[in-house]
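Morning, everyone. I have one model to show today, and two parts of it to talk through.

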Amino acid sequence: MATIKRTVEVELSTTGLDAQGRPQRVPLAVAEDGSTVAVAAPPSLEPELEGEHMLINIGPQHPATHGVLRLVLELDGETVVRCIPHIGYLHCGFEKIGEYRQYNQIIPWTDREDYLNSIGNNVAFALNAERLFGIEITERCTVLRVIAMELSRIISHLVWLGTTCIDIGAFTPFLWLFQERENVYALLERWIGARLTTTATRIGGMAADLPNGWTEQLQTFITLFPKTLDEVDRVLTRNGIWVGRTIGLGAMTAEEALNYGLSGAMLRASGVAYDVRKDFPYLDYETYDFDVPVGTNGDVYDRFLVRFEELRQSVRILEQALRRLPDGPVNVDDHRVILPPKSKATSEMESMIHHFKQVMEGPRPPIGEAYVAVESPKGEKGYYMVSDGTSKPVRWRIRPPSFVNLSAIPRMVEGHLLSDVIAINASIDIVMGEIDR
């Protein structure tokens, strides 16, 4: 598997760890030749004071928790001794609601699950249902879904990087990144008719084909977007404040990341080159030429580098998808699972009957079970469904990467300073709808 190794030389006052794994600061001074040199810390002027540990809450109403997450922190001064994450303030109940909905009626709930990856979730759920139904989608639909998933990955990573900039104190890149996010939403709005919650797929196809001129708009975005990435790279990657607030924080070794079940950029930043698109391909991803960026230290900085490079790799995939986009139908030619055209439903008795049964009863898969995993922007996203032959699943279960990745936050923040908790939490890239589901 192809991997990307990137070395960034930094000569700054950055966070290090002592023998106990706690952060230590290295003061810097300026030598006569203008270079920076480390100097010994001044002796303590105050005697050691005894004190008690303090408990504080971050969240559930807090802009830096990225949703209704509550972190109970036990502090020794400003050092985190213990972290207890609390979830359950959202009360979505997606999985149980899905057991009382027809298969196509579940798709809008996947929008709300991870609203930064709405169309990607739509595609993942459709793939799961189609495996249950035993349906093979068309070639055009396959490529359209690849385009949808990579645009969704770009949206999610842009929001992650923009909000992480705000958390750490950088404002200008946030504006650049959210403008690019707006450009992607404009593309989705023209294609699907919706922006944030798309409901773009159907069992056996897509809700809509591409409008005229849409591919030209996408090509313009593909051409201009890397220029914004270059500018953000110039401003952030070697920025002293950015590097000082990210290097050495929340580091996870490859073994620890695997033991915690991490996936996505959280796992790849620790040096494990696991990507569902490469290891368990779907939608013909094995035929696309793209690299899997991998980190070495597994800290906040490496997670930034991995996700940033993934933005460039998504552009590569979009370019290839545009070149290979075939003509032909988007939806399968089976009106037992896909709605017939409205013109036929109003003029042909058989088509009207199919339309009526689809809307009132819904399609019925054979008895069985199916699981499909995809590489979502946050990691391995899995859907599992059990059918008893009726139009509603007996069981719908979600494997959310945000939930699994968040489980490692106590390990990542304990021993660090309170201010570092915000950067570490931001690096996980969570959406609470995926966690409290």
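**Pocket first, then a sheet**

Helix 3, residues 118–133, and strand 12, residues 368–376, each give at least two residues to the lining of the largest pocket. Keep in mind that this is a predicted model.

Let's stay with that pocket. Its volume is about 500 Å³. The lining has 20 residues. Which of them come closest to the pocket centre? Leu127, Arg131, Pro281, Tyr282 and Leu283. And how does the lining divide by residue type? Nonpolar residues number 12, charged residues 6, and polar residues 2.

Now the sheet. Please turn the view to strands 6, 7 and 8. They form an open sheet of 3 strands, in the order 6-7-8. The pairing is antiparallel. Strand 6, residues 54–58, and strand 8, residues 79–86, are the edge strands. Each has a single partner strand, so one side of each lacks a neighbour in the sheet. From one strand to the next, the twist averages 25°.

Look at the pairing of strands 7 and 8. Strand 7 covers residues 70–76. How many bridges join strand 7 to strand 8? The count is 7, and the two strands run antiparallel. Take one residue, leucine 71: its bridge partner in strand 8 is proline 85.

What packs on this sheet? Helix 16, residues 418–428. Helix 16 touches strand 6, strand 7 and strand 8. Its direction makes about 150° with that of strand 7.

That's the tour. Over to you.

Methods: Residues are numbered from 1 along each chain as its sequence is written. This is a predicted model: local features need pLDDT of at least 70, side-chain atom pairs count only at pLDDT 80 or more; totals for chains, interfaces and linings use all residues. Side-chain values use heavy atoms; hydrogens and water are left out. Two strands pair if DSSP finds at least two bridges between them. Helices (H or I, at least four residues) and strands (E, at least two) are DSSP runs, numbered from the N terminus. Axes are lines fitted to C-alpha atoms, for helices over the stretch in contact, and angles run from 0 to 180 degrees between N-to-C directions. Contact means heavy atoms within 4.5 Å. On a 1 Å grid over the protein atoms alone, a cavity is a set of points where a 1.4 Å probe fits but cannot get out, and a pocket is an open set with protein on both sides within 12 Å along at least five of seven lines; lining residues have an atom within 4 Å of a point. Grid points are joined across faces, edges and corners, and a volume is the space filled by probe spheres set on the points. Ala, Val, Leu, Ile, Met, Phe, Trp, Tyr, Cys and Pro count as nonpolar, Asp, Glu, Lys and Arg as charged, and the others, Gly among them, as polar.
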